[in-house]
Every structure is written in C-alpha cells, then in structure tokens.
Amino acid sequence: MADETSAPQSSAAPQSSAPQSTSAPQSTHESRPYTPRPAYAGPGGPRSPRPAGGPGGSGGPGGRKFFRRKKVCKFCTEKIDAISYRDVRLLQGFVAERGKIVPRRLTGVCTRHQRRVSLAIKQARNIALLAFAARF
C-alpha cells in the first residue's frame, strides 16, 4: 500500500487531456484560423474617401485652404445697445426663410445680443410684426 501511494500510476489507467464522458456536449467549433468580419458599410454600401482639403474647402489650384474670418458681433461693433421688437428690418436678418431664429454660430452675434435678438423676435411675432413660419 505504501508503494501505491508513492509510485506514479503508469499502467493502471491511461490519462488524457480530453474529457472521457460521452454525455457532455461536445464543442462545435473546429480549430480554424481567426478571420475578422468585414465592417458593416451601411445601407448605401461602402463610401469613397473624403476629398482632400478638410472642412475649410478644397485647396484649389494653389493648394491653399479657405480661411474663414472670425465673425464679430454686429451690435458690439456698431455700439447698438437697444434691440427693439419694432425694428422689423433689423430682426428679419436674424430669421431664416422658414421662420426659425438663426443660431449664433451662423450670425456671429455675441451671447448677450443673441439673447436680446431672440427675445425681440419673439415679441415681434406675438404682435404679428414677424411671421411664426414661412408661407407655403
């Protein structure tokens, strides 16, 4: 008995690394090399690469990019303090064709004056000096 515990079992039962029970579910994967799936291109198919030049526009024949000037607040430069709801001609420049108030990033107006312009536009709409929406 002392011999059985100290000696390795070489001939009693062959040991293997695979499971011996046949009732356990076998793996359905075969050993195949990993191949990545192609990226989903969307409903329109794969896109062509973007043209050179970036968001500033194409370089043109000289290769220079379009330089966009920094917008400066119209009211600050002209020292206009009061924005009246009765000044329809001024306010129409800040209303798009569809009747939406044009955002600050497009008009270049500072935050303080954009708030005042939007309030004046809303007041002018309420007393029917400006249209709420475009006419169709």
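Let's start with how helices are named here: helices (H or I, at least four residues) and strands (E, at least two) are DSSP runs, numbered from the N terminus. The expected span of a helix is 1.5 Å times one less than its number of residues. Keep in mind that this is a predicted model, in which local features need pLDDT of at least 70 and side-chain atom pairs count only at pLDDT 80 or more, while totals for chains, interfaces and linings use all residues. Residues are numbered from 1 along each chain as its sequence is written, and side-chain values use heavy atoms, with hydrogens and water left out.

Now the overall picture. The protein has five helices and zero strands, so to speak a plain α-α-α-α-α when you read along the sequence. Of its 136 residues, 16% count as buried; buried means under 20% relative accessible area, exposed means over 50%, and partly exposed is what lies in between (1.4 Å probe, protein chains only). The accessible surface of the protein comes to about 12800 Å², and 53% of that belongs to carbon and sulfur atoms. These areas come from the Shrake-Rupley method with a 1.4 Å probe, and for residues only the protein chains shown count as cover. As for contacts (heavy atoms within 4.5 Å), take those in the protein with a separation of 6 or more: residues 24 or more positions apart account for 58% of them.

A good place to dig in is α5, which runs over 111-126. This helix has 16 residues and reaches 23 Å from its first C-alpha to its last, close to the 22 Å expected at 1.5 Å a residue. Its buried residues are H113, Q114, V117, S118, A120, I121, A124 and R125. They cover an arc of only 165° around the axis, which puts them on the same side of α5; the arc is that of the directions from the helix axis to the C-beta atoms. Turn to the other side of α5 and you find R112, R115, L119 and N126 exposed. What covers the buried residues includes α2 (74-77), α3 (88-92) and α4 (104-107).

Pick H113 in helix α5 for a closer look. H113 is buried, with a relative accessible area of 6%. Setting aside residues up to four places away in sequence, H113 touches C73, F75, C76, I80 and I83.

Two of those partners deserve a visit. I80 sits in the loop between α2 and α3 and counts as partly exposed, at 23% relative accessibility. The C-alpha atoms of I80 and H113 are separated by 9.5 Å, although the two are 33 residues apart along the chain. Leaving aside neighbours within four places in sequence, I80 is in contact with F75 and H113. I83 is also placed in the loop between α2 and α3, and at 14% relative accessibility I83 counts as buried. Not counting residues up to four places away in sequence, I83 touches F75, L90, L91, H113, R116, V117 and A120. With R116, I83 is 33 residues apart in sequence and 6.7 Å apart in space, C-alpha to C-alpha.

That loop between α2 and α3 also holds K79, which has a positive phi of about 55° although it is not a glycine. Most residues other than glycine have a negative phi. K79 counts as exposed, at 67% relative accessibility.

Past the end of α5, A128 likewise takes a positive phi of about 65°, and A128 is exposed with a relative accessible area of 64%. I127 belongs to the segment after α5 as well and counts as partly exposed at 48% relative accessibility. Y85, I127 and L129 form a nonpolar patch on the surface, with about 250 Å² of accessible area together. Patches are made of residues with over 30% relative accessible area and no salt bridge, with like charges joined within 9 Å and nonpolar side chains (Val, Leu, Ile, Met, Phe, Trp, Tyr) within 5 Å; a salt bridge is a side-chain nitrogen of Lys or Arg within 4 Å of a carboxyl oxygen of Asp or Glu.

Finish with L130, in the segment after α5. L130 is buried, with a relative accessible area of 10%. Not counting residues up to four places away in sequence, L130 touches V88, L91, Q92, V95, I121, A124 and R125. L130 and R89 are 41 residues apart in sequence and 9.9 Å apart in space, C-alpha to C-alpha.
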